[in-house]
Amino acid sequence: MKKYGGFLMSQIGRLSSRTWERLLKECGVDAFNGAQGRILYVLWEHENLTITDIARLTSLANTTLTSMLDRMEAEGLVKRIHDKVNRRQIFISVTEKANEYQEKYEQISNDMNKIFYNGFSETEITNFESQLRRILDNFQNEGV
């Protein structure tokens with residue numbers, strides 16, 4: 001039996017990214033793009049994180065993340081905070097400017113979920129997300 005999971009996930013990823021960018025534009029959010037929004041999301045959820053933590057939570061590569069954080073810092077969305085005990089340890093935190101976008105981000109996220117899960121029952125959503133977590137775990141256990 002031929003399997004299409006990877007192909008379908010790739011298509012879903014591309015289409016959802018385009019939809020996300022369109023919804024950002026429609027809401028007047030031009031301060032960050034979709035990938036930067038993922039970074040802000042995990043920071044809103046966890047407050048202060050290291051770059052390694054952000055990379056793990058967003059699945060973005062450290063090298064990509066560093067340049068994105070540089071741009072976001074220049075835009076006034078995030079700030080770097082040196083640990084008082086270990087000066088080599090740097091935490092990333094959102095700024096007040098970024099916090100001003102949180103409500104719009106959550107609305108866009110809700111709109112995306114409505115599109116994504118249109119026609120799904122709560123049980124189907126729970127089962128589907130459980131299976132997606134298993135796939136994600138499979139990739140994370142591969143060391144990707």
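How many helices and strands are there in the protein chain? This predicted model has seven helices and two strands. If you walk along the sequence, the elements come in the pattern α-α-α-α-β-β-α-α-α, so let us begin with the whole chain and then visit its helix H1.

## The whole chain

Here are some overall values for the protein chain.

| Property of the protein chain | Value |
|---|---|
| Span of the C-alpha trace along its principal axes | about 55 × 40 × 25 Å |
| Exposed area | about 10,200 Å² |
| Distance between the centres of the positive and negative side chains | 6 Å |

The protein chain has 144 residues, and 26% of them are buried. Of the area that the chain exposes, carbon and sulfur atoms supply 50%. Charges are part of the picture too: 19 side chains are positive and 20 are negative.

How do parts that lie apart in the sequence meet? Take the contacts in the protein chain with a separation of 6 or more: residues 24 or more positions apart account for 51% of them.

## A visit to helix H1

Helix H1 runs over residues 5-26, which gives it 22 residues. From its first C-alpha to its last it reaches 31 Å, close to the 32 Å expected at 1.5 Å a residue.

Which residues of H1 are buried? They are Thr-19, Trp-20, Leu-23 and Leu-24. Looking down the axis of H1, you would find its buried residues within an arc of 135°, so they line one face of the helix. On the face turned away from that buried side, H1 carries the exposed residues Phe-7, Arg-18 and Lys-25.

What covers the buried residues of H1? The cover includes helix H2 (34-46) and helix H6 (102-116).

Just after H1 comes a spot to look for in the backbone: Gly-28 takes a positive phi of about 75° there.

## One residue up close: Thr-19

Thr-19 has its place in helix H1. Is Thr-19 buried or exposed? Its relative accessible area is 19%, and a residue counts as buried when this value is under 20%, so Thr-19 is buried. Setting aside its neighbours within four places in sequence, Thr-19 is in contact with Met-112 and Ile-115. Helix H6 covers residues 102-116, so you can look for both of these partners along that stretch of the structure.

Methods. Residues numbered from 1 in each chain as written. Predicted model: local features only at pLDDT ≥ 70, side-chain atom pairs only at ≥ 80, totals over all residues. Heavy atoms only, no water. Helix = DSSP H or I, 4+ residues; strand = E, 2+ residues; numbered from the N terminus. Buried < 20%, exposed > 50% of the residue type's maximum accessible area, 1.4 Å probe, protein only. Contact = heavy atoms within 4.5 Å. Areas by Shrake-Rupley, 256 points an atom, 1.4 Å probe, with all protein chains shown as cover. Lys, Arg positive; Asp, Glu negative; His and termini not counted. Charge placed at Lys NZ, Arg CZ, Asp CG, Glu CD. Expected span 1.5 Å × (residues − 1). Arc of directions from axis to C-beta.
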